[in-house]
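Me: Please go through the packing of this model with me, one helix and then the cores.

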Amino acid sequence: MEKVREIVREGRRVGKEDPRRVVHAFKVGLALALVSSFYYCQPLYDNFGVNAMWAVMTVVVVFEFSVGATLGKGLNRAVATLVAGGLGIGAHHLASLSGPTVEPILLAIFVFVQAALSTFVRFFPRVKARYDYGVLIFILTFALISVSGFREDEILDLAHKRLSTVIMGGVSCVLISIFVCPVWAGQDLHSLLASNFDTLAHFLQEFGDEYFEATEDGDIKEVEKRRRNLERYKSVLNSKSNEEALANFAKWEPRHGQFRFRHPWKQYIAVGALLRQCACRIDALNSNINSDMQIPMDIKKKLEEPLRRMSSESGKSMKEVSISLKKMTKSSSFDIHVVNSQSACKTLSTLLKSGILKDVEPLQMISLMTTVSLFIDIVNLTEKISESVHELASAAKFKNKTKPSRSDSGRIGHDMPNKSHDDHHRHRVVTILCDVDTSNNVDQSHGEISVDSCHHVAIKIDDDDSIHEKHEDGDIHVHTSRVSCEHTNASDLLVSGVKKN
């Protein structure tokens with residue numbers, strides 16, 4: 001009785017993880033019930049006989065969880081059965097011309113040659129990825145048709161019935177898979193990639209609190225819970241096989257939603273590979289947190305500000321990428337965070353060159369430099385990931401973000417007063433929000449920055465209350481200068497001085 005309860009609990013758990021599994025079970029049952037009519041209906045049984053069992057076998061082996069997997073297996077089985085059946089009939093005909101004595105010898109040679117060659121072809125990577133099941137069915141069908149023909153007089157009738165029942169079983173699987181609660185492998189791959197971005201973003205955004213905050217005795221349980229939550233990134237490390245399988249299945253699927261037939265699934269694999277590289281660095285960072293060589297907090301604090309920024313901005317970049325993927329829109333908002341993380345990386349480099357760690361012990365220095373090196377790798381990988389996602393968005397023809405209305409685009413921003421100790425001066429921050437086109441950020445010939453290519457520009461305006469005169473046209477004169485960042489595609493704008501006349 002206890003085992004029955006355990007099985008029931010396990011079934012509930014599996015069903016709750018993905019309710020589509022329950023629906024898939026009903027779909028398989030429906031397909032099997034339909035093809036069983038070959039046996040239950042006497043006219044159909046009289047026409048196909050025992051060969052009707054091939055329709056049932058086809059449903060059992062072809063019906064997969066996703067539409068792409070079912071289509072791939074169905075087409076592989078149908079084509080392999082057709083080709084192998086034709087070759088099997090040809091081999092039987094050639095062998096029969098040689099007489100009853102030589103015929104079995106020739107049939108054995110034909111079976112040996114095709115089985116050996118087909119098995120060797122299965123080792124080819126491309127064949128293994130997409131056509132392995134078809135080659136396997138080809139070997140089986142050729143052997144059955146050619147060998148059965150030696151004892152069966154009506155070889156053509158046998159091949160026709162087997163091919164017909166296989167096609168009927170495969171068509172039943174495909175139609176039910178597509179039109180009854182379809183599960184698209186392409187959609188699953190897309191969602192998996194976005195989820196992996198979320199997972200890594202969560203770790204990077206929470207890493208600063210885990211690394212730089214001292215643990216008190218009363219908070220041990222809370223810290224352990226937070227660490228287990230951070231270790232969700234390990235699912236990204238093990239996602240390669242799942243991603244490749246989903247991409248392979250997605251190539252078979254027809255157009256659905258925003259996914260075209262020739263959607264760039266290979267680019268998803270490329271982005272996923274970069275994410276796993278980043279997850280490897282994160283795994284090393286997590287191991288560094290839990291290592292026996294713990295660095296004193298006062299030493300960590302010396303590098304806290306740039307390391308926190310590098311971690312936080314990289315996490316924000318991945319979070320923005322995840323949002324862009326979920327909405328399937330082109331976006332450059334994550335490029336801003338990439339630039340910020342690179343800026344923090346330069347700040348960290350300046351700190352290290354200043355000799356701030358000259359009093360640190362060698363072993364502690366090694367551990368700290370390991371953390372710094374891993375963070376620099378993560379920042380560089382974040383930039384590569386950003387570029388790869390841009391390529392994916394262009395190849396997949398993601399929609400552009402909705403542009404702001406004319407009234408919004410004409411408005412400079414919000415005037416935010418900021419009181420200071422000096423009554424004669426007030427500061428205001430004006431934020432200009434513009435759409436980004438990173439391809440033409442700077443007019444090199446004139447050294448000017450186009451307003452249309454800005455990201456977010458913060459302008460500080462000093463108002464001098466002692467000056468009561470205003471310019472007749474009411475213009476505010478803004479003087480800006482550009483500071484370039486190495487290895488980036490964007491620019492930081494610094495306000496050298498803004499005065500209201």
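Reply: This is a predicted model, in which local features need pLDDT of at least 70, side-chain atom pairs count only at pLDDT 80 or more, and totals for chains, interfaces and linings use all residues. Residues are numbered from 1 along each chain as its sequence is written, and side-chain values use heavy atoms, with hydrogens and water left out.

Me: Which residues of H2 are buried?

Reply: Buried means under 20% relative accessible area, exposed over 50%, partly exposed in between (1.4 Å probe, protein chains only). Helices are DSSP runs (H or I, at least four residues), numbered from the N terminus. By these terms, the buried residues of H2 are His-24, Lys-27, Ala-31 and Val-35.

Me: Are they on the same side of H2 or not, and what arc do they cover?

Reply: The arc is that of the directions from the helix axis to the C-beta atoms. On the other side of H2, Phe-26 and Ala-33 are exposed. The buried residues lie on the same side of H2, because they cover an arc of only 60°.

Me: Which helices do the buried residues of H2 pack against?

Reply: Contact means heavy atoms within 4.5 Å. The partners are helix H3 (37-40), helix H5 (53-62) and helix H10 (155-179).

Me: Which residues have the most contacts inside the largest nonpolar core?

Reply: A nonpolar core is a set of buried Ala, Val, Leu, Ile, Met, Phe, Trp, Tyr and Cys residues joined through side-chain atoms within 4.5 Å. The largest has 58 residues. Those with the most contacts inside this core are Phe-197, Leu-200 and Met-318.

Terms used: Helix = DSSP H or I, 4+ residues; strand = E, 2+ residues; numbered from the N terminus.
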